[in-house]
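Q: Could you walk me through one part of this structure up close? I'd like to see what sits around it.

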Protein chains: 2
Amino acid sequence: MAELKELTKRSESYSQWYNDLVLKADLAEQSPVRGCMVIKPYGYAIWEKMQRVLDDMFKETGHVNAYFPLLIPKSFLSREAEHVEGFAKECAVVTHYRLKNAEDGSGVVVDPAAKLEEEMIIRPTSETIIWSSYKNWIQSYRDLPIKINQWANVMRWEMRTRLFLRTAEFLWQEGHTAHATREEAEEEARTMLHVYNDFANNYMALPVVMGVKSANERFAGALDTYTIEGMMQDGKALQCGTSHFLGQNFAKAFNVQFVDKSNNLEYVWATSWGVSTRLMGALIMTHSDDNGLVLPPALAPIQVVIIPICKNEEQMSTIRSKVDPMIAELKKLGITVKFDDADNKRPGFKFAEYELKGVPVRLVLGARDIENGTIEVMRRDTLAKETREIEGIVDYVKQLLDDIQSNLHAKALAMREASTRSVDTYEEFKTEIEKGGFILAHWDGTPETEEQIKNDTKATIRCIPLGWDETPGTCMVTGKPSARRVLFARAY
Amino acid sequence: MAELKELTKRSESYSQWYNDLVLKADLAEQSPVRGCMVIKPYGYAIWEKMQRVLDDMFKETGHVNAYFPLLIPKSFLSREAEHVEGFAKECAVVTHYRLKNAEDGSGVVVDPAAKLEEEMIIRPTSETIIWSSYKNWIQSYRDLPIKINQWANVMRWEMRTRLFLRTAEFLWQEGHTAHATREEAEEEARTMLHVYNDFANNYMALPVVMGVKSANERFAGALDTYTIEGMMQDGKALQCGTSHFLGQNFAKAFNVQFVDKSNNLEYVWATSWGVSTRLMGALIMTHSDDNGLVLPPALAPIQVVIIPICKNEEQMSTIRSKVDPMIAELKKLGITVKFDDADNKRPGFKFAEYELKGVPVRLVLGARDIENGTIEVMRRDTLAKETREIEGIVDYVKQLLDDIQSNLHAKALAMREASTRSVDTYEEFKTEIEKGGFILAHWDGTPETEEQIKNDTKATIRCIPLGWDETPGTCMVTGKPSARRVLFARAY
């Protein structure tokens with residue numbers, strides 16, 4: 001029971017608070033496999049809600065789902081030169097296909113006779129295996145566009161891992177599209193950036209910044225990487241999703257050509273885009289507090305919890321008669337509600353538990369409430385309590401859920417705006433970056449200067465924000481001309 | 001265009017017909033990775049419908065989803081002795097975690113410095129990794145039951161593969177539950193058998209036989225394996241789903257004990273149950289014909305296709321004015337409908353295409369129909385065509401979809417019943433088994449006799465059917481006493 005309280009405070013250690021919260025709210029835990037997590041039912045329920053919303057958005061924008069193999073022949077990685085540079089290093093390699101009983105009876109050992117002719121890697125991303133299939137699917141412009149998404153697990157052998165934020169195995173979706181023209185592919189990459197932006201803002205209540213990555217931060221093999229960047233409570237940025245315009249790089253690597261309308265043979269244009277279980281980390285770090293998780297109603301597996309307070313079965317049955325029609329009405333409005341009438345936990349314990357789990361609205365009904373025709377309402381985002389008449393409570397709760405959703409967004413936006421400053425000198429930059437947050441500064445556009453800033457300050461260019469101030473200036477480091485301010489931060 | 005027609009006839013070669021169909025209906029194809037398939041968008045859309053229905057059924061019966069690691073430390077497999085016997089042999093083994101550039105510049109090679117201390121295998125099933133987690137989750141009877149399901153990819157390094165039916169990598173769901181008592185676990189295993197049976201009958205229109213496996217055919221590590229067995233058109237049986245009562249085997253292997261209500265320390269009781277993309281094979285082989293796929297409406301991604309026949313844009317716009325409200329009404333009834341007005345394909349081509357893809361109902365509307373207020377209706381299951389009044393067509397289509405669903409089930413049930421015979425002598429058995437189908441025969445209950453029958457005839461005991469005739473007799477092979485007839489067949 002007591003352990004519920006033992007959440008480290010954010011002010012003591014933000015990173016310990018995060019780890020505590022993920023474990024104590026039953027979202028995920030480390031597994032016996034190094035760097036791989038177990039996503040527990042409550043955490044998975046949130047991920048499922050994200051999946052469902054995103055999947056609907058992908059389908060509305062004309063995409064279909066499919067499934068490609070987990071394993072990728074090693075030689076595929078060498079085909080696209082930049083891609084292999086960016087990805088080949090750290091990945092799980094399958095070299096054998098059989099175990100056998102150890103001769104000394106101690107267990108099982110790898111059967112040396114079952115060595116693969118060519119090693120395979122577990123996909124770190126699927127461009128190569130998918131483009132090797134697209135080669136067979138595309139002959140003519142009539143076969144285009146192909147707009148496929150895949151929900152899958154991927155692996156990158158990360159050395160330092162954190163639950164949800166950076167794990168060796170993670171779950172994600174990866175879209176891979178093929179187009180007849182450069183314009184159409186560029187348009188697709190931007191469309192998906194906007195889908196991600198809408199999802200982050202409207203469902204996660206996360207006011208991300210949309211932008212373009214600098215060359216240093218681009219996806220391996222992309223001509224342009226679009227990104228949505230979030231600002232966490234501790235002043236560090238988190239890349240939440242990316243959409244890549246891949247040009248003809250993968251089409252050339254896998255020799256995917258098509259006959260266009262003018263009967264010319266052309267290489268196909270490509271995009272890819274993805275978000276992952278990392279979004280769970282962004283969701284947690286944006287809204288939660290020292291009492292535990294705070295969930296936006298749109299993604300909460302339980303939106304409303306009702307807790308009875310009563311001394312005996314008679315009081316309980318009176319309460320139940322009030323609560324049953326309330327539950328029916330809430331459900332009719334599409335609101336997920338849990339009535340926790342477990343008699344082996346005290347109300348105070350339940351309060352703490354649902355606060356920890358981030359349930360947006362708590363209703364408490366006791367014997368005195370029944371006499372007075374009242375009910376206690378608590379909103380998780382502000383922890384504010386009020387006593388209201390039971391009459392009309394369902395409509396009130398519905399409105400309250402909407403309010404919580406917008407309030408969380410407004411709060412996160414205010415935090416992000418307060419944390420975003422412009423600086424003009426490198427000295428100022430070095431001072432300000434220590435305080436966290438986004439910093440807008442002029443940069444001369446070269447990878448060398450970006451690299452120097454990173455080495456000096458651990459800050460990277462998160463993006464060149466779209467639709468923000470485009471006034472030219474001079475680079476804070478070199479004094480050379482700068483096309484516009486770009487967005488710096490230290491990042492997860 | 002012509003290739004649409006080139007489906008091998010079932011009477012020529014059932015297995016070639018199956019392969020042709022899977023490829024030409026765009027359901028799946030082989031990938032460059034040996035034994036691993038690409039599930040193409042149309043095939044995946046059917047699988048998604050299955051997933052959605054099953055997931056809802058699991059949740060209605062009190063289960064939640066979670067996610068456990070893809071990789072399993074090799075040593076875990078040795079913990080449960082019977083389990084390792086059944087599974088350890090053929091699986092993908094990860095031995096290294098890094099590639100590096102080859103010194104001769106020829107591509108990438110495995111970095112010998114990055115050898116894992118302990119090899120890992122890609123999960124062939126997840127009992128071991130899940131029970132190693134359950135150990136930390138279970139202390140008291142209050143922590144039970146745990147009823148978790150996982151949607152995942154798994155790998156078994158099969159030597160002979162066939163699309164959907166047997167592939168090295170496949171998609172599935174695996175339920176893993178933990179209980180305080182033997183009775184509750186046995187009840188759970190049977191409940192899930194019935195869930196699978198309901199799904200097969202009511203959605204797949206597949207009249208499976210529910211039963212218990214003989215000891216030889218049991219899951220590695222189970223005390224009882226329940227199964228649903230389907231009969232395909234070619235007279236071969238297909239195991240469609242299994243539900244295992246695992247006793248305390250995995251709890252003992254991973255030392256998972258709990259304090260029961262009487263304060264005694266006990267081992268936990270377990271079940272596991274799963275169905276996979278193999279169900280796609282069952283669906284295809286049960287209903288489809290020489291013209292292509294036949295889909296039960298409950299699982300068809302497109303339930304109704306509407307094809308216009310017209311000579312000019314004026315006729316098209318008249319047709320459109322008739323069709324638009326029809327589509328709106330169909331959608332309101334939850335029916336998925338596609339209006340194929342593509343002008344670069346002739347109607348005959350479209351007819352063949354949607355027949356191949358198994359769309360349950362086709363509506364055709366031409367200029368003469370508009371004059372007469374009629375529409376042509378074709379049902380895919382019988383290929384019967386009729387001309388009806390447009391008036392009332394929506395209600396008729398809705399009824400027709402229900403009729404097709406029940407007709408497919410009735411047809412498959414009649415086929416199964418016609419194929420099921422009782423035999424009394426082994427000679428008769430040997431003759432009859434050549435004709436395919438299910439054979440009910442007496443068996444003395446020993447693994448030796450079962451093994452002999454398998455060696456002589458390639459037939460296995462598919463199951464001891466639940467709720468079928470339980471009259472005792474004498475074994476057809478040994479003449480020893482037999483408790484009841486059991487169900488034999490050659491199987492996929």
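A: Sure, let's start with a pair of residues: Gly211(A) stands opposite Thr227(A), which belongs to strand β11(A). A quick word on what you're looking at: this is a predicted model, where local features need pLDDT of at least 70, side-chain atom pairs count only at pLDDT 80 or more, and totals for chains, interfaces and linings use all residues. Residues are numbered from 1 along each chain as its sequence is written, while chains are lettered from A and ligands numbered from 1 in the order in which they are written.

Strands here are DSSP runs of E with at least two residues, numbered from the N terminus (helices are runs of H or I with at least four). Two strands pair if DSSP finds at least two bridges between them.

Now back to β11(A), which covers residues 224–231. Strand β10 of chain A (residues 209–212) is joined to β11(A) by 4 bridges, and the two run antiparallel. β11(A) also runs antiparallel to strand β12 of chain A (residues 237–247), with 8 bridges joining them. One example is Tyr226(A), whose bridge partner in β12(A) is Ser243(A).

How do you get from β11(A) to β12(A)? They form a hairpin with 5 residues between them, and Gly235(A) in that turn has a positive phi of about 85°.

And is β11(A) mostly covered or uncovered? Mostly covered: 7 of its 8 residues are buried. Buried means that 20 or more other C-beta atoms lie within 10 Å of a residue's own (12 or fewer is exposed, in between is partly exposed), with C-beta atoms placed from the backbone.
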